[in-house]
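Please read the following walk through the structure with the model open beside it. The account begins with a helix pair, passes to enclosed and open space, and ends with aromatic rings.

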Amino acid sequence: MRRVQAHCKSVERKRSMDTLLNRALQGNPVIEGDNVTFVWQGDRPPQLIGDMTDWESGNPIDLSEVAPGVWAHSLTLPQDAYIEYTFWDGQQRVADPLNRNTAPDGFGHQNHYFYMPGARATALTRRRRGVHHGTITRHVLENDFLLTGRKRTVLLYQPPTAEPCPLLVVLDGQDYWRQARITHIVDNLIAQGRIRPIALAMPYHGRQARGVEYACSEATLGFLRYDLPALARKELNLVDVEANPSAYGILGASMGGLMALYAGLRAPEVFGRVLSQSGAFALGEHDSVVFDLVRHGPTRPLRIWMNAGRYEWLLDCNRRMHELLAEKGYDVTYREHNSGHNYPSWRDAIGQGLEMLFGC
């Protein structure tokens with residue numbers, strides 16, 4: 001009798017493993033409710049890294065053999081999570097052949113991704129029939145003193161309106177345009193009556209010099225404060241910021257999120273609306289100067305919207321910055337999401353920030 005029971009259990013387990021592999025072959029990982037199982041088929045398994053492990057610098061996850069040549073690991077994740085991951089052989093990243101969904105991470109890699117059942121990509125990036133679209137033009141600004149490399153490409157977006165508009169400066173403009181599709185988001189928000197028409201100035205970052213330019217740089221602030229608005233006023237139909245102080249906004253992510261808050265604190269008469277996504281307010285164990293500006297400086301007339309992912313290394317400094325801003329009396333809204341440090345997460349959340357700061 002015991003032999004029969006053991007045989008039945010073995011058959012049932014084999015069927016279960018065959019079912020798991022078959023489901024993974026249709027798309028990895030296998031999701032059942034809040035349980036997520038990552039599957040690998042081969043003689044030797046790599047490790048699992050991703051948002052949930054702080055990637056390879058954190059604690060890579062070992063997979064267990066569940067059947068000959070089949071390896072797996074299960075996690076419990078929130079129903080509304082968006083997760084990026086890949087595999088790791090101890091020296092380099094290894095692609096998941098069972099997941100075709102990939103997204104660039106901004107560092108030269110392609111990460112695999114998935115949405116949990118309660119999460120989905122924002123519909124605001126879709127081009128819809130009947131929605132009037134703004135126009136985009138490309139320009140080149142030159143400044144021998146303030147810009148690394150002397151020249152900088154800038155994309156300008158004019159919304160579909162004849163009325164003067166406030167300006168939103170979008171740092172890392174090429175990435176917010178291509179990866180976050182911010183002009184589609186703005187088109188749809190305007191068409192739905194959720195925000196007033198706004199114009200966009202999207203300067204490209206300085207490539208290898210990006211970190212230096214966005215690390216609370218006075219040179220970058222001078223470019224954003226003077227050169228960029230001058231171009232925008234010439235090409236776009238903008239409200240007069242001198243007659244309407246603090247009417248402009250500034251948006252950035254990561255180091256760009258740090259620079260966005262810095263620009264608001266240093267030039268609040270221009271950038272009165274700040275959207276900071278996963279701001280890099282601390283580098284390692286060292287807090288940025290923005291903490292001192294908020295802690296010891298006068299409270300500026302700013303409206304601030306912040307968000308951060310619960311699966312990213314910058315979560316703690318974003319929480320601390322939000323607490324400090326609120327303590328000092330700033331008009332600040334803070335949101336957390338079950339996601340990591342990536343453009344799809346910022347893309348899916350940015351509509352909330354735009355609606356909060358530019359709502360009709």
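In this predicted model, a useful place to begin is the meeting of helix H5, which spans residues 218–235, with helix H6, which spans residues 255–266: their axes come within 11 Å and cross at roughly 70°. Because crossing angles of 65 to 115 degrees count as roughly perpendicular, H5 is roughly perpendicular to H6. On the H5 side the contact is made by Glu 218, Thr 220, Leu 221 and Leu 224, and on the H6 side by Met 259, Tyr 262, Ala 263 and Arg 266. Sorted by class, the residues of this contact comprise five nonpolar, one polar and two charged.

Helix H5 also leads to the enclosed space of the model. Rolling a probe the size of a water molecule over the atoms shows where empty space is left. One cavity of 30 Å³ or more is counted, and the largest cavity has a volume of about 70 Å³. Its lining consists of Leu 146, Leu 147, Arg 152, Leu 171, Pro 203, Tyr 204, Glu 213, Tyr 214, Thr 220, Phe 223 and Leu 224. Two elements, helix H4 (210–214) and H5, give two or more residues to this lining, and H5 gives the most, with three residues. Thr 220 and Leu 224 belong to the lining of the largest cavity and also to the contact of H5 with H6. By class, the cavity lining divides into eight nonpolar, one polar and two charged residues.

Open space can be followed in the same manner. The largest pocket holds about 510 Å³ of space and is lined by 25 residues, of which Phe 107, Arg 210, Ser 254, Met 255 and His 341 lie nearest its centre. Strand S16 (282–283), helix H8 (315–327) and helix H9 (343–358) each supply at least two residues of the pocket lining, and the largest share, three residues, comes from H8. The lining of this pocket is made up of twelve nonpolar, seven polar and six charged residues.

Aromatic rings complete the tour, with ten aromatic pairs counted in the model. In one of them, the ring centres of Phe 38 and Phe 114 are 5.9 Å apart and the ring planes stand at 65°, so the pair is edge-to-face. This pair links distant parts of the chain, since Phe 38 lies in strand S2 (residues 35–41) and Phe 114 in strand S9 (residues 110–115), with their positions 76 residues apart in numbering.

Conventions. Residues are numbered from 1 along each chain as its sequence is written. This is a predicted model: local features need pLDDT of at least 70, side-chain atom pairs count only at pLDDT 80 or more; totals for chains, interfaces and linings use all residues. Side-chain values use heavy atoms; hydrogens and water are left out. Axes are lines fitted to C-alpha atoms, for helices over the stretch in contact, and angles run from 0 to 180 degrees between N-to-C directions. Helices (H or I, at least four residues) and strands (E, at least two) are DSSP runs, numbered from the N terminus. Angles under 35 degrees count as roughly parallel, over 145 as roughly antiparallel, 65 to 115 as roughly perpendicular and the rest as oblique. Contact means heavy atoms within 4.5 Å. Ala, Val, Leu, Ile, Met, Phe, Trp, Tyr, Cys and Pro count as nonpolar, Asp, Glu, Lys and Arg as charged, and the others, Gly among them, as polar. On a 1 Å grid over the protein atoms alone, a cavity is a set of points where a 1.4 Å probe fits but cannot get out, and a pocket is an open set with protein on both sides within 12 Å along at least five of seven lines; lining residues have an atom within 4 Å of a point. Grid points are joined across faces, edges and corners, and a volume is the space filled by probe spheres set on the points. Rings of Phe, Tyr and Trp (its six-membered ring) pair if their centres lie within 6.5 Å; planes under 30 degrees apart count as stacked, over 60 as edge-to-face and the rest as tilted.
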